[in-house]
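Colleague: Could you take one part of this model and walk me through it closely? I'd like to hear how it sits among its neighbours.

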Amino acid sequence: MKYKVKDINLAQQGNLKIEWALNHMPVVASLMNNCKKEKPFEGITISAVLHVTKETAVLVKALKECGARVLLAGSNPLSTQDDVAAALAKDGIEVYAWKGETEEEYFWAIRKIIEDGNPDIVIDDGGDLHVTIHKEYPQLAEKIIGGTEETTTGVIRLKAMEKDGVLKYPVIAVNDALTKFMFDNRYGTGQSTIDGILRATNVLIAGKKVVVAGYGWCGRGIAMRMRGMGARVIVTEVDPLRALEAVHDGFDVMPMDDAAKVGDIFVTATGNINVIRKEHFLKMKNGAILANAGHFNVEIDVKSLEALAVSKRRIRPYVDEYKLPDGRKIYLLAEGRLVNLVAAEGHPSEVMDMSFANQFLSVKYLIENKGKLEPKVYKVPHEIDSEVARRKLNAMGIKIDTLTEEQKRYLESW
């Protein structure tokens with residue numbers, strides 16, 4: 001079998017989910033329809049490590065329809081939608097992903113799509129695929145045309161690799177496209193994080209003090225959406241410019257040491273390690289809820305929480321109760337992993353439409369420029385960003401103005 005999923009019999013249910021996503025992803029659908037006959041990816045093997053969701057399925061099917069052989073593994077042990085994985089397997093995608101993987105199984109799946117695929121193009125979300133190739137398959141890395149990276153955490157890792165001089169092929173930072181981070185990171189993360197918290201807890205957001213750690217685009221989205229739900233939002237930051245922006249956006253800003261004493265719900269979105277740690281747990285109110293919206297499960301120091309607790313029990317799906325020696329209880333959601341994909345379905349299809357349109361067009365760009373790009377991290381070309389925006393506006397039935405020749409000459413003159 002060229003797949004490993006939880007239950008292949010879930011395929012029909014998965015197909016319905018994929019159909020729903022496709023109906024809400026008109027940009028990717030249009031790109032797929034435009035290239036079905038030409039098949040620009042014919043003869044190209046793509047190995048991808050992405051969250052196996054209905055939206056990812058639309059991208060993967062589009063790549064396949066346009067000629068590519070696609071191998072897929074999950075980018076988080078708990079984010080795979082098993083019915084979607086089954087549907088992709090039935091459709092001939094070599095998918096190795098199921099919800100509840102151990103860390104060993106997670107990396108086995110990544111190695112599987114590398115070894116079986118011998119890929120020409122790699123698509124990653126978080127950087128584990130890129131890092132594994134460079135560490136364990138350096139000879140394979142030499143023949144890869146190029147890769148893409150979906151999320152902030154992965155881009156940070158890849159830029160570190162470039163700085164250290166170890167990056168062996170060009171990578172396009174899809175995360176840094178305007179039509180990605182301004183919509184996916186802000187509106188997608190903002191909505192899906194609240195969705196995950198609500199599905200896990202069903203608590204009332206209105207009136208709660210919600211602490212958002214990090215005021216990047218994801219943090220902005222979470223803070224904005226939490227305020228819209230009636231929360232009193234506190235932002236913690238280490239960057240003075242972002243902290244100043246949060247203040248001017250109307251949020252309270254303070255150190256985590258102070259926020260820990262007053263917060264009801266805490267959400268991390270920094271991409272850094274141990275943002276909420278032992279000294280913060282010791283100051284929290286009874287009943288505090290902890291959630292992470294960052295890619296890796298490192299932002300909340302779960303090991304310290306485990307060591308502090310005198311007891312632990314699972315009180316609801318994706319909600320673990322930690323009882324401290326003085327009787328206070330702290331609730332950790334989704335085991336500290338990204339709550340929006342573990343306890344919910346991830347970002348809405350409408351924003352992933354733009355993100356995955358960028359992925360599709362970036363793959364096409366890499367193939368068209370084979371051998372011309374140095375092993376560096378590149379921004380998404382402006383023309384791709386603009387093309388995605390134009391297609392999205394068209395799909396929404398929205399028209400915009402164009403510059404007159406007089407206006408063009410005016411802007412070009414000094």
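Modeller: Let's go with strand E7, residues 209-213: four of its five residues are buried, so the rest of the structure largely encloses this strand. Keep in mind that we're looking at a predicted model.

Now for the strands it pairs with. One partner is strand E8, residues 232-236, which runs parallel to E7 and is joined to it by five bridges. If you want a specific contact to click on, Val212 has Val235 as its bridge partner in E8. The route between these two strands is worth tracing as well: E7, helix H10 (residues 217-228) and E8 form a β-α-β unit, and the unit is right-handed.

Strand E10, residues 265-268, is another partner of E7, again in the parallel sense, with four bridges between them. Here the pair to look up is Val211 with Phe266, its bridge partner in E10.

As you look along E7, one background point may help: in a regular strand, side chains alternate between the two faces of the sheet.

Away from that strand, a couple of backbone angles deserve a glance. Lys39 isn't a glycine, yet its phi is positive, at about 50°. You'll find Lys39 in the loop between helix H2 (26-35) and strand E1 (45-50). Its relative accessibility is 31%, so Lys39 counts as partly exposed. Glu335, also not a glycine, has a positive phi near 60°. That residue lies in the loop between strand E14 (329-333) and helix H15 (339-342), and at 36% relative accessibility Glu335 is classed as partly exposed.

How values were computed: Residues are numbered from 1 along each chain as its sequence is written. This is a predicted model: local features need pLDDT of at least 70, side-chain atom pairs count only at pLDDT 80 or more; totals for chains, interfaces and linings use all residues. Side-chain values use heavy atoms; hydrogens and water are left out. Buried means under 20% relative accessible area, exposed over 50%, partly exposed in between (1.4 Å probe, protein chains only). Two strands pair if DSSP finds at least two bridges between them. A crossover is right-handed if, with the strands pointing away from the viewer, the path from the first strand over the helix to the second runs clockwise.
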